[in-house]
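Here are some exercises to work through with the model open beside you. Try each task before you read its solution.

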Amino acid sequence: MLEQQRTIAHYDLDTFFVSVERKKDSRLDGKPLMIGGSERGVVASCSYEARKFGVRSGMPMRVAKQLCPYAVVISGDYEAYSQASKEVREIVAEKAPLFEQASIDEFYLDLTGMDRFFHSTMWASELRQRIIHETGLPISMGLSVNKLVSKVATNLAKPNNLLEVKSEVVLPFLAPLALRAIPAIGPKLSQQLAYLGVPTVSILREIPQVLLQRAFGKPGHMLYQKARGIDSSQVVPSHQQKSISTERTFREDTMDIQWLKSLLTSMVEKVAHELRQNRQLTGCVSVKIRYANFETVSKQAKIPFTASDRDLMSKVLALFDKLYTRRIRLRLIGLRLTKLVAGSPQLDLFEPYPKQLGLYQTMDRLKQKYGQKIVGQGSGLRQNYAPAPQFD
């Protein structure tokens with residue numbers, strides 16, 4: 001049984017970074033194009049021409065260059081991508097009754113009940129055409145009864161097209177699809193299922209829920225639901241947070257440099273975790289200190305857009321070293337992130353260490369389950385157990 005019927009539209013800007021680069025330079029049209037960081041980085045986005053050679057997003061750049069040696073490689077311009085995303089968001093916000101920006105290049109709209117006043121399919125299609133006309137960017141759209149099916153529909157509609165899946169055809173629509181086509185079924189889980197002889201949604205649907213839960217635990221229930229097109233997750237109204245900040249006032253004034261840097265490490269981990277939970281990246285970081293005489297000074301610096309603890313840590317500690325030049329005790333230290341943009345950490349164009357992303361994801365899951373203090377870097381963990389220094 002499907003849940004109570006809703007009308008959910010999903011919009012996804014096709015090869016978004018590539019499309020923005022081609023809008024800036026039409027000479028890139030039709031050429032295999034890869035966008036990413038250094039040789040040690042990953043492919044953040046690639047054109048359909050590059051995909052024909054086996055290149056995929058998330059692939060190590062050195063491997064991608066071997067597969068497609070004649071591709072044009074661009075380091076990436078997150079300022080331009082952020083601005084283009086903002087333009088699309090403003091168009092959506094002007095027209096949509098309820099929307100959620102899921103990432104820098106995709107949006108969910110809840111159009112439930114709209115058919116009483118408008119034809120929701122026609123309305124959603126017209127909004128898509130307006131986005132294409134006003135931004136010059138290709139965008140695909142899926143329309144169905146929930147977020148799950150509408151996203152699958154969008155992926156099948158690409159490139160630059162639309163697909164509606166009505167409630168009565170949801171089950172046959174999903175049945176022949178490979179399991180990787182279903183959001184939340186990643187490569188590891190799909191491989192496990194394929195090993196068990198379950199390559200498609202229709203075969204997965206034949207397995208009783210009790211057996212799925214026995215074999216996979218909690219994910220078993222998720223598999224049972226998704227195989228039947230069931231998804232009760234809501235479209236969460238988006239808001240644009242302007243900054244993320246944290247500060248600490250000490251019980252006793254201190255000039256213990258090691259302890260202060262340990263505290264900054266802990267603070268960076270806290271705000272970076274919040275960034276990733278909000279699906280945001282930051283492009284500017286500032287550090288503030290207050291001396292015992294209440295004199296307050298601060299410094300800020302622009303950085304490549306990131307949600308990486310490591311990238312933020314190096315800049316924060318460098319700013320602190322520039323700030324704290326007087327051997328006077330401090331009473332407060334603060335950290336603030338601004339210039340926030342929508343974007344998932346895996347889209348960090350300047351992240352040269354893909355394995356680090358897996359570490360952050362694991363740490364974030366542990367923090368979500370057990371609290372902020374359960375895990376962190378060694379230099380920051382001292383803050384969880386050691387009090388601020390006391391002086392005679």
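**Exercise 1. A strand and its two partners**

Take the model, which is predicted, and find which strands pair with β10, in which sense, and over how many bridges.

*Solution.* Begin with strand β11, residues 296-306: β10 pairs with β11 in the antiparallel sense over eight bridges. Within this pairing, I289 stands opposite V297 of β11. The hairpin of β10 and β11 has four residues between the strands, and one residue to look at there is F294, which takes a positive phi near 75°.

Now turn to strand β12, residues 330-342. β10 and β12 also pair in the antiparallel sense, over 11 bridges. To find one register point, start from S286: R336 in β12 is its bridge partner.

Finish with a general reminder: side chains in a regular strand alternate between the two faces of the sheet.

**Exercise 2. Enclosed or open?**

Decide how far strand β10, residues 280-291, is enclosed by the rest of the structure.

*Solution.* Count a residue as buried when its relative accessible area is under 20%. By that cut-off, 10 of the 12 residues of β10 are buried, so the strand is largely enclosed by the rest of the structure. For the setting, buried residues make up 48% of the 392 residues in the protein chain.

**Exercise 3. The surroundings of I244**

Place I244 in its strand, then list what it touches beyond its sequence neighbours.

*Solution.* First, the element: I244 is found in strand β9, residues 244-254. Second, the accessibility: I244 has 1% relative accessibility and counts as buried. Third, the contacts: leaving out residues up to four places away in sequence, I244 touches V271, E274, L275, N278, Q280, L335, R336, L337 and L340.

Two of these names lead further. L275 is 31 residues from I244 along the chain, and their C-alpha atoms are separated by 7.9 Å. R336 is the bridge partner of S286 from Exercise 1.

To set this beside the whole chain, consider contacts between residues at least 6 apart in sequence: 68% of them join residues at least 24 apart.

**Exercise 4. Two helices in contact**

Describe how helix α10 (residues 209-216) packs against helix α11 (residues 218-227).

*Solution.* Start with the geometry: the two helices pack at an angle of about 140°, and their axes are 6 Å apart. That angle makes α10 oblique to α11, since angles over 145 degrees would be needed for roughly antiparallel. The crossing of α10 and α11 is right-handed.

Next, collect the residues. From α10 come Q209, L212, Q213 and F216, while α11 brings K218, P219, G220, H221, L223 and Y224. Sorted by class, this contact of α10 with α11 has five nonpolar, four polar and one charged residues.

**Exercise 5. A small sheet and a helix across it**

Work out the strand order of the open sheet that contains β2, and say which strands are at its edges.

*Solution.* The order is β3-β2-β4, three strands with mixed pairing. The edge strands are β3 (43-46) and β4 (72-74), each of which pairs on one side only. On average, neighbouring strands of this sheet are turned by 25° against each other, with direction ignored.

Now zoom in on one pairing. Strand β2, residues 33-36, and β3 run antiparallel and are joined by three bridges. Here I35 stands opposite S45 of β3. Finally, add the helix: α1 lies across β2, β3 and β4, running at about 110° to β2.

**Exercise 6. Backbone checks in the loops**

Inspect T15, R279 and the peptide bond from K158 to P159, and state what the backbone does at each.

*Solution.*

- T15 is a residue other than glycine, and its phi is positive, near 35°. T15 lies in the loop between β1 (8-13) and α1 (16-24), and it is buried, with a relative accessible area of 12%.
- R279 is not a glycine either, yet has a positive phi of about 55°. R279 is found in the loop between α12 (257-277) and β10. With a relative accessible area of 37%, R279 is partly exposed.
- The peptide bond from K158 to P159 is cis, its omega near 5°. P159 lies in the loop between α6 (147-157) and β8 (162-164).

How values were computed
Residues are numbered from 1 along each chain as its sequence is written. This is a predicted model: local features need pLDDT of at least 70, side-chain atom pairs count only at pLDDT 80 or more; totals for chains, interfaces and linings use all residues. Side-chain values use heavy atoms; hydrogens and water are left out. Buried means under 20% relative accessible area, exposed over 50%, partly exposed in between (1.4 Å probe, protein chains only). Two strands pair if DSSP finds at least two bridges between them. Axes are lines fitted to C-alpha atoms, for helices over the stretch in contact, and angles run from 0 to 180 degrees between N-to-C directions. Angles under 35 degrees count as roughly parallel, over 145 as roughly antiparallel, 65 to 115 as roughly perpendicular and the rest as oblique. A crossing is left-handed if the near helix is turned anticlockwise from the far one by less than a right angle, and right-handed if clockwise. Contact means heavy atoms within 4.5 Å. Ala, Val, Leu, Ile, Met, Phe, Trp, Tyr, Cys and Pro count as nonpolar, Asp, Glu, Lys and Arg as charged, and the others, Gly among them, as polar.
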